[in-house]
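Colleague: I would like a close look at a single part of this model. Please take the salt bridges and the strands that carry them, and keep it plain.

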Amino acid sequence: MKKIISFLFLLLLIALSACTNESQDSNEEAKETVGGLDREAKVLAQNLVIPWSIAKSGDIFYLTERTGSIVKVENGNQTRMRVELSDPLAEVAEAGLMGFVLHPEFKENGLAFAYYTYAEEGDSINRLVQLRLDGNVWKEERILLDNIPSGQFHQGGRLEIGPDEKLYVTTGDATKEQISQDINAIGGKILRMNLDGTIPSDNPFKGSYVYSYGHRNPQGLAWNAAGELYSTEHGPSGFDEINHIQAGKNYGWPLITGDEEMEGMQTPLIHSGNSTWAPSGADFKDHTLYFAALAGQGIYSYTLDTKKLEKVLGGYGRVRDVYIAQDTLYFVTNNTDGRGIPRENDDKLYQINLEDLRKN
Ligand SMILES: [Ca+2]
């Protein structure tokens with residue numbers, strides 16, 4: 001009987017994962033012939049376990065692994081660092097230790113921020129914390145925001161610090177889509193806070209962390225040279241989005257998708273139509289947004305003034321995050337997340353010159 005139940009549970013899991021956008025994956029996509037398949041990227045780290053977020057301080061990288069570690073990469077050496085969290089990580093899909101960003105004064109104060117899903121009484125909940133690096137261990141020092149909705153899927157989880165030195169956080173609808181339109185709920189939102197966890201006095205809704213709403217599962221945030229914020233967002237089935245994020249605006253989920261319009265709601269700058277990018281981490285070089293694609297297996301670019309979307313890299317499998325420093329783009333694959341096909345020594349951190357990405 002127990003075996004039958006676990007078999008049925010497995011079937012349920014497979015069926016559920018087939019419904020979610022992140023999971024869309026096929027061998028056909030892996031072999032797609034869109035540009036960029038022949039570009040050679042240099043491996044900086046390997047044997048990573050579902051790396052989610054790239055942070056960089058000088059020449060040192062810190063990569064979160066969804067399973068709960070942070071890997072330090074320095075001069076070709078790799079160290080897996082322990083992260084001491086106040087609760088055990090939840091073992092639900094798309095969840096674990098995800099977003100991570102260094103404090104602007106990290107070199108002086110050793111501080112960073114992290115977003116993770118923990119388990120409590122059979123439930124899963126997302127939380128934002130401050131960590132401090134103590135020797136080779138990251139220690140949770142305090143909770144900045146708790147009870148961020150979690151569910152079977154759509155955890156959000158991207159953290160970035162804006163040019164205004166505020167901390168921005170993406171949260172998912174946690175498969176409870178009605179919360180995205182509720183400005184009193186913190187799921188299905190982009191949140192903005194001071195680095196001490198307090199609510200900025202110039203946030204659009206007084207006394208609220210909510211910066212923008214009507215989101216489904218945003219997972220990428222980046223600012224262009226003019227200081228404007230853009231996001232990537234997982235759509236329901238296709239209809240992935242790039243949005244220009246402005247304070248207090250409503251991005252429409254679940255009421256509108258794709259090109260649909262509704263009074264008081266923002267239609268995305270561009271969407272994937274019936275195809276799927278499953279977009280995650282993003283970064284800018286001048287006016288071009290580069291974003292990681294999981295199901296889309298590679299890196300895409302979207303140039304603001306020409307409105308041109310291109311696939312600029314493929315052939316490395318699922319990509320979770322990108323990070324740009326000067327003329328170099330770094331990216332991490334996500335072939336070990338159970339939805340891809342791991343190659344030898346996956347997952348990896350790579351680097352490639354932006355100039356090489358632009359070559360035809
Ligand atoms: Ca939308």
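Modeller: A residue counts as buried when its relative accessible area is under 20%, as exposed when it is over 50%, and as partly exposed in between. Bear in mind that this is a predicted model.

By that cut-off R127 is buried, because its relative accessibility is 4%. R127 forms a salt bridge with D146, and the closest N and O atoms of the two are 3.1 Å apart. This pair links distant parts of the chain: R127 lies in strand 8 (residues 123–134) and D146 in strand 9 (residues 137–149), with their positions 19 residues apart in the numbering. D146 has a relative accessibility of 23%, so D146 counts as partly exposed. The bridge therefore joins a buried arginine to a partly exposed aspartate.

The two strands that hold this pair are also partners in the sheet. Strand 8 and strand 9 pair in the antiparallel sense, over 9 bridges. Within that pairing, D134 stands opposite V137 of strand 9.

The sheet around them is open and has 8 strands, in the order 2-3-4-5-9-8-7-6, with mixed pairing. Its edges are strand 2 (51–57) and strand 6 (97–102); each has a single partner strand, so one side of each is left without a neighbour in the sheet. From one strand to the next, the twist averages 30°. In the strand order, strand 9 sits between strands 5 and 8, and strand 8 sits between strands 9 and 7.

For context on the other charged pairs, the structure holds 16 salt bridges. Side chains of opposite charge can pair when their charged atoms come close. One of the bridges is between the side chains of E84 and R82, at 2.7 Å from N to O. E84 is partly exposed, because its relative accessible area is 32%. Another is formed by K359 with D356, where the closest N and O atoms are 2.9 Å apart. Both of these residues fall in the partly exposed class: K359 has a relative accessible area of 46%, and D356 has a relative accessibility of 25%.

Back at the pair you asked to see in detail, salt bridges that share partners join D87, R127 and D146 into one network. In that network, R127 is the residue described above as buried, at 4%, and D146 the one described as partly exposed, at 23%.

Notes. Residues are numbered from 1 along each chain as its sequence is written. This is a predicted model: local features need pLDDT of at least 70, side-chain atom pairs count only at pLDDT 80 or more; totals for chains, interfaces and linings use all residues. Side-chain values use heavy atoms; hydrogens and water are left out. A salt bridge is a side-chain nitrogen of Lys or Arg within 4 Å of a carboxyl oxygen of Asp or Glu. Buried means under 20% relative accessible area, exposed over 50%, partly exposed in between (1.4 Å probe, protein chains only). Helices (H or I, at least four residues) and strands (E, at least two) are DSSP runs, numbered from the N terminus. Two strands pair if DSSP finds at least two bridges between them. Axes are lines fitted to C-alpha atoms, for helices over the stretch in contact, and angles run from 0 to 180 degrees between N-to-C directions.
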